[in-house]
Amino acid sequence: MRIAGIDGCKAGWFVVSANAALDDVMYFVAENFADAIERLGHTTFVGVDIPIGVPDAGPRECDSLARRLLSPRRASSVFPAPIRPILGMRDYIAACDLRESIDGKRISVQTFNILGKIDEVDRYLRRNSNARFFEVHPELAFAALDNGEPMMHAKRSREGRGERLAHLEMIFDGEDLAAASSAYPGSQVAKDDVFDAFAVLATVARIAVGHGQRVPERPAHDSAGLDMAIWF
């Protein structure tokens with residue numbers, strides 16, 4: 001069984017895969033999500049650090065529950081998911097205006113900056129079977145590696161990188177982590193993108209053996225039939 005963790009990066013998508021025992025680690029960068037999945041072949045389970053399942057209006061319950069689990073240290077790392085009507089939009093002001101006309105709220109710059117990637121994954125999953133795909137938030141994944149305790153430091157700080165690396169080294173080979181972290185220039189793949197993808201992969205390993213958890217336990221489906229749940 002092969003499993004994979006995927007995180008967005010400046011170059012597109014950073015992908016790390018392994019067997020269910022988290023050995024035989026492989027990684028690559030794909031320009032788009034469809035190419036990433038094609039290169040993974042028949043990988044059994046795939047975790048993605050991107051919202052999967054977006055509402056037509058209003059917030060997602062899974063986002064509010066994830067913030068509660070990460071509060072107070074890392075709650076702000078969970079960005080509000082966009083609503084479906086704005087997914088294809090590439091103009092920030094226009095997207096804000098449309099969201100406000102529907103919900104009475106504008107969208108954050110952070111959410112808008114990943115809107116294209118959310119749309120990319122959504123379009124792929126609506127065209128293909130989505131049973132093997134799971135939304136994973138890296139900060140929940142890291143907390144799960146520390147008995148549910150959110151990380152103390154921000155992921156882009158020196159302390160935060162050291163903290164997350166220490167937790168990953170408990171389950172991954174340090175040489176694999178070092179090689180993946182130095183394989184691409186920071187202008188293409190940031191070090192925290194690599195760490196996040198490995199953390200997502202750690203959650204997928206738990207899912208593969210039936211130990212994964214999700215919020216909420218019984219998720220709602222969006223209008224495209226996709227689960228709105230975050231796994232850890």
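**A five-stranded mixed sheet and the largest pocket**

Strand 2 (12–19) is mostly covered, with 7 of its 8 residues buried, where buried denotes under 20% relative accessible area, exposed over 50%, and partly exposed the range in between (1.4 Å probe, protein chains only). The model is predicted, and local features were accepted only at pLDDT of at least 70 and side-chain atom pairs at pLDDT 80 or more, whereas totals for chains, interfaces and linings use all residues. Residues are numbered from 1 along each chain as its sequence is written, and side-chain values rest on heavy atoms, with hydrogens and water left out. Helices (H or I, at least four residues) and strands (E, at least two) are DSSP runs numbered from the N terminus.

Strand 2 belongs to an open sheet of 5 strands in the order 3-2-1-4-5, in which the pairing is mixed; two strands are taken to pair if DSSP finds at least two bridges between them. The edge positions are held by strand 3 (26–30) and strand 5 (133–135), each of which pairs on one side only. On average, and with direction ignored, neighbouring strands of this sheet are turned by 20° against each other, axes being lines fitted to C-alpha atoms, for helices over the stretch in contact, and angles running from 0 to 180 degrees between N-to-C directions. Helix 9 packs on the sheet and touches strand 1, strand 2, strand 4 and strand 5, its direction making about 150° with that of strand 1; contact here requires heavy atoms within 4.5 Å.

Within the sheet, strand 1 and strand 2 pair in the antiparallel sense over 8 bridges, and a hairpin joins the two through 2 residues. Ile3 has Ala18 of strand 2 as its bridge partner. On its other pairing, strand 1 runs parallel to strand 4 (residues 45–48), to which 4 bridges join it, and Ala4 stands opposite Val46 of strand 4. Strand 2 is also paired with strand 3, in the antiparallel sense and over 5 bridges; Phe14 has Val29 of strand 3 as its bridge partner, while Val15 stands opposite Phe28. The hairpin of strand 2 and strand 3 has 6 residues between the strands, and Leu22 takes a positive phi near 65° there. Asp24, found in the loop between strand 2 and strand 3, likewise has a positive phi, of about 50°, although it is not a glycine.

Further backbone features lie in other loops. Asn147, placed in the loop between helix 6 and helix 7 (158–168), has a positive phi of about 55° although it is not a glycine, and it counts as exposed because its relative accessibility is 77%. The peptide bond from Ser71 to Pro72 is cis, with omega near -5°, and Pro72 is placed in the loop between helix 2 (61–70) and helix 3 (92–103). A cis peptide bond also leads from Val215 to Pro216, with omega near -10°, in this case in the loop between strand 6 (214–215) and strand 7 (230–231).

The largest pocket has a volume of about 890 Å³. A pocket is an open set of points on a 1 Å grid over the protein atoms alone, where a 1.4 Å probe fits, with protein on both sides within 12 Å along at least five of seven lines, and lining residues have an atom within 4 Å of a point; the volume is the space filled by probe spheres set on the points, which are joined across faces, edges and corners. Its lining comprises 36 residues, of which Asp49, Phe79, Ile114, Lys155 and Arg156 lie nearest the centre. At least two lining residues are supplied by each of strand 1 (2–9), helix 4 (109–113), helix 5 (115–127), helix 6 (138–144) and helix 9 (191–208). The lining divides into 14 nonpolar, 7 polar and 15 charged residues, with Ala, Val, Leu, Ile, Met, Phe, Trp, Tyr, Cys and Pro counted as nonpolar, Asp, Glu, Lys and Arg as charged, and the others, Gly among them, as polar.
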